[in-house]
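Biologist: Mind walking me through this one? I'd like to go pairing by pairing and see how the parts link up.

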Amino acid sequence: QVQLVESGGGLVQAGGSLKLSCAASGSIFSIDVWAWYRQAPGKQRELVAAIPTGGRINYADSVKGRFTISRDNAKNTVYLQMNSLKPEDTAVYYCNAVRVVAATQFPAWGQGTQVTVSS
């Protein structure tokens, strides 16, 4: 089992920055992919950024060049640095961790943190 707790959300003006953190506990040694998702009101949850263990980081086109995902293994924490924020970035942001066992994915989710960008 993996437990995830996000923090760092809040209200910011357009053009500003926020840094989200996701603290992990439990069976974190077996995580294959760390990711951030977001869900805006009335929209489906979408992938923002993912950092596979030993793989290439990927970003949604809408955040490329503005957001950076990173991980600190010593602190068991994954971050999402968000710069040049836009009102359309407003959403609840969720941390996600996936274990892959025999081609089956076992995801874990955090409770979400609200990010609101004012124009």
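Modeller: Happy to, and keep in mind that this is a predicted model. Let's start with a pair of facing residues: lysine 19 has a partner opposite in strand 8, and that partner is glutamine 81.

Biologist: How many bridges join strand 3 to strand 8?

Modeller: Strand 8 covers residues 77–82, and strand 3 runs antiparallel to it. Lysine 19 facing glutamine 81 is a spot to look at in strand 8. The bridge count between strand 3 and strand 8 is six.

Biologist: What is the strand order in the open sheet of four strands?

Modeller: The pairing in that sheet is antiparallel. Strand 1 (2–7) and strand 7 (67–72) each have a single partner strand, so one side of each has no neighbour in the sheet. Ignoring direction, neighbouring strands are turned by 15° against each other on average. Reading across, the order is 1-3-8-7.

Biologist: Which cysteine is joined to cysteine 22 by a disulfide?

Modeller: The cut-off is sulfur atoms within 2.5 Å, and here the S to S distance is 2.0 Å. By that rule the count comes to one disulfide. The partner of cysteine 22 is cysteine 95.

Biologist: How many residues apart in sequence are the parts that this pair ties together?

Modeller: Cysteine 22 sits in strand 3 (residues 18–26), while cysteine 95 belongs to strand 9 (residues 91–101). The disulfide therefore ties together parts whose separation in sequence is 73 residues.

Biologist: Is the disulfide left-handed or right-handed?

Modeller: Look at the torsion about the S-S bond of cysteine 22 and cysteine 95, which is about -80°. That value is negative, so the disulfide is left-handed.

Biologist: Is cysteine 95 buried or exposed?

Modeller: Buried means under 20% relative accessible area. Cysteine 22 comes out at 0% and counts as buried. Cysteine 95 has 0% relative accessibility, so cysteine 95 is buried.

Biologist: Which residue in strand 11 is the bridge partner of leucine 11?

Modeller: Strand 2 (residues 10–13) and strand 11 run parallel, with four bridges joining them. Strand 9 is also joined to strand 11, by three bridges and antiparallel, and there alanine 91 stands opposite valine 115. For leucine 11, the partner is threonine 116.

Biologist: Which side chains of strand 11 point to one face and are buried?

Modeller: In a regular strand, side chains alternate between the two faces of the sheet. Along strand 11 (residues 113–118), Gln114, Thr116 and Ser118 point to one face and are not buried. Pointing to the other face, and buried, are Thr113, Val115 and Val117.

Technical notes. Residues are numbered from 1 along each chain as its sequence is written. This is a predicted model: local features need pLDDT of at least 70, side-chain atom pairs count only at pLDDT 80 or more; totals for chains, interfaces and linings use all residues. Side-chain values use heavy atoms; hydrogens and water are left out. Helices (H or I, at least four residues) and strands (E, at least two) are DSSP runs, numbered from the N terminus. Buried means under 20% relative accessible area, exposed over 50%, partly exposed in between (1.4 Å probe, protein chains only). Two strands pair if DSSP finds at least two bridges between them. Axes are lines fitted to C-alpha atoms, for helices over the stretch in contact, and angles run from 0 to 180 degrees between N-to-C directions.
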